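Grab a pencil and keep the viewer open while you work. Try each exercise before you read its solution.

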There are 2 protein chains.
Amino acid sequence: MVQQRAVEPDDTPPRARPRLSRPAIAEAALKLIDDGGMPALTMRRLGQALGVEAMSLYEYVANKDEILEDILGSLFNEVELPDQNDRPWEELACELFCAFRCMLLAHPHAVTLVASRAVQPLEALAPIEMSLGIFRRAGFGRQGAVDAHRVLQSFTIGYLLAETSVLNDPTAVPNSWGTAAYALRELPADTLPHLSELAQVAIDRVADEQFPALLMVIISGLRTELRPEPGTASPT
Amino acid sequence: MVQQRAVEPDDTPPRARPRLSRPAIAEAALKLIDDGGMPALTMRRLGQALGVEAMSLYEYVANKDEILEDILGSLFNEVELPDQNDRPWEELACELFCAFRCMLLAHPHAVTLVASRAVQPLEALAPIEMSLGIFRRAGFGRQGAVDAHRVLQSFTIGYLLAETSVLNDPTAVPNSWGTAAYALRELPADTLPHLSELAQVAIDRVADEQFPALLMVIISGLRTELRPEPGTASPT
DNA sequence: ACCTGAACACCGTTCAAGT
DNA sequence: ACCTGAACACCGTTCAAGT
């Protein structure tokens, strides 16, 4: 091999080194979202946060959408995947989706982002892969594993949306749960008897206890409805 | 009672009758969303659709947010509540949330709207009231009923988001399910074995069959985990 | 290769003015 | 009471120009 080093001496013209990078941009963008919600993420403000004119960002990124994709990838990487030391699949599944919720509670304003995006970047698929693996190893069939994952994933996203949507609401009170606002309004007891009766209960329930409890309710259904007889070899 | 009629003769000055109304505005706004997605709903375009300047809308509505609230109310009223002729609660619950999904499938671009809003207007609460009533009559306790409703509601919203989110994706293929795009990409089988194996299964599953099936899985879990012993009087 | 600044086609909303 | 038109403070993105 011909050594091609030192073709350029050390005193090369100070070729412009990038002050930015896609990961740095994504990080700053996520910080903007965390601090001020989705509307705070603006190309102009993002440039400002990075000490650069907004239009310079287009050197690194085709459009705003690509930045959102990068954020998505880094978010899913924050999920702390549980260890797989042959514990029961019920426990593993519960822990995995609790970890997913935990990650999003650290970025509550990004919940709508992960909820509304169809396709995640490749780096974001590790949690999904793990979820499918848990069910396959537990003996679920191909379709059973897909179904099981879909129930828990859909529920988790829906729950997180309800839990955090009060943040996106202009008329929000500094309480968790959107339903809190119901109790503060006059609910007509004649037309909405159950809602009036249960509004307070709905507020009092602490999400950190309710969420894993509800996960286990679903997992119980998965065990009795979707899982083949224990002892049977998993169908392929 | 003194008759106060005919104080004004018929030839009153043609006092400007409103050409618009809040319901008419909400209806036109929903149509814009249905046709072109959430970004298509713009005060200027909405005015144009109603044959009026954008700023005239502010005679009827304080801001764009109020229009979104009105849309929310009319959407929930479209849900066809099932008849309550003493059928098993499992059946009623399944039908109610299927009806909810059915309504939103008629307005797929509005899914993100109902998903991200914390507080619904009063007219929108009938389906929630019915859901709570179903569980209470089935013998669920106060907290059990709230929990049961929350699982099914969260799951339904999360499922609908996944089902329709491909519509909001710029890189979408005209297939249902966001996961479709996974299969069209190269999935590395070494790092994501389960996902590669199951991507096709995930696409083939027809949502209209999968959704009620998954509802019944959850309902099965509700029956075994949340419901008190049958025959017990419902605790208040 | 990297960054800038003016410009374009949009937003939601305010405000003074018309009838 | 209802509607208009100009204006303000924003958007994302393009494009020609600088180094």
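Before we start, a ring pair here means two rings of Phe, Tyr or Trp (for Trp, the six-membered ring) whose centres lie within 6.5 Å. Planes under 30 degrees apart make the pair stacked, planes over 60 make it edge-to-face, and the rest are tilted. Also keep in mind that what you're looking at is a predicted model.

**Exercise 1: ring pairs in chain A**

Work out which kind of pair Trp89(A) and Phe135(A) form, and find where the two rings sit in the chain.

Solution. Step 1: begin with the total, which is 14 aromatic pairs over all chains. Step 2: for Trp89(A) and Phe135(A), the ring centres are 6.0 Å apart and the planes meet at 65°, so this pair is edge-to-face. Step 3: look along the chain. Trp89(A) belongs to helix H4 (residues 89-105) and Phe135(A) to helix H6 (residues 126-137), so the pair links distant parts of the chain, 46 residues apart. Step 4: check for burial, and you'll find that both Trp89(A) and Phe135(A) are buried. Step 5: bring in Phe140(A), which ring pairs link with Trp89(A) and Phe135(A) into a cluster.

**Exercise 2: a pair within one helix**

Classify the pair Phe155(A) and Tyr159(A), and say whether Phe155(A) is buried or exposed.

Solution. Step 1: the centres are 5.6 Å apart with 55° between the planes, and that makes the pair tilted. Step 2: both residues are in helix H7 (residues 142-168) of chain A; because they are 4 residues apart there, about one helical turn separates them. Step 3: the relative accessible area of Phe155(A) is 0%, so Phe155(A) is buried. Tyr159(A) also comes out at 0%, so Tyr159(A) is buried.

**Exercise 3: around DNA strand D**

How many residues surround DNA strand D, and which are the closest?

Solution. Step 1: the count is 19 residues, with Arg44(A), Met55(A), Tyr58(A), Glu53(B) and Tyr60(B) the closest. Step 2: see what they meet. Of the strand D atoms that come within 4 Å of the protein, 53% are in sugar and phosphate. Step 3: pick out some polar contacts. The side chain of Tyr58(A) has an N or O atom 2.8 Å from a phosphate oxygen of strand D. On the base side, Glu59(B) puts a side-chain N or O atom 3.3 Å from a base nitrogen, and for Arg44(B) a polar side-chain atom lies 3.5 Å from a base nitrogen. Step 4: ask who supplies the surface. Helix H2 (residues 43-49) of chain A has the largest share, 3 residues.

**Exercise 4: around DNA strand C**

Now do the other strand: which residues are the closest to DNA strand C?

Solution. Step 1: the closest of the 19 surrounding residues are Glu53(A), Tyr60(A), Arg44(B), Met55(B) and Tyr58(B). Step 2: sugar or phosphate makes up 55% of the strand C atoms within 4 Å of the protein, and bases make up the rest. Step 3: list some contacts.

- Arg44(B): a side-chain N or O atom is 2.5 Å from a base nitrogen of strand C.
- Glu59(A): a polar side-chain atom lies 3.3 Å from a base nitrogen of strand C.
- Lys64(B): a side-chain N or O atom is 2.9 Å from a phosphate oxygen of strand C.

Step 4: sort the residues of this surface, and you get 9 nonpolar, 3 polar and 7 charged. Helix H2 (residues 43-49) of chain B gives the most to it, with 3 residues.

Technical notes
Residues numbered from 1 in each chain as written. Chains lettered and ligands numbered in written order. Predicted model: local features only at pLDDT ≥ 70, side-chain atom pairs only at ≥ 80, totals over all residues. Heavy atoms only, no water. Near = heavy atom within 4 Å. Polar contact = N/O pair within 3.5 Å; in protein donor to acceptor, adjacent residues only side chain to side chain. Helix = DSSP H or I, 4+ residues; strand = E, 2+ residues; numbered from the N terminus. Nonpolar A, V, L, I, M, F, W, Y, C, P; charged D, E, K, R; others polar. Buried < 20%, exposed > 50% of the residue type's maximum accessible area, 1.4 Å probe, protein only.
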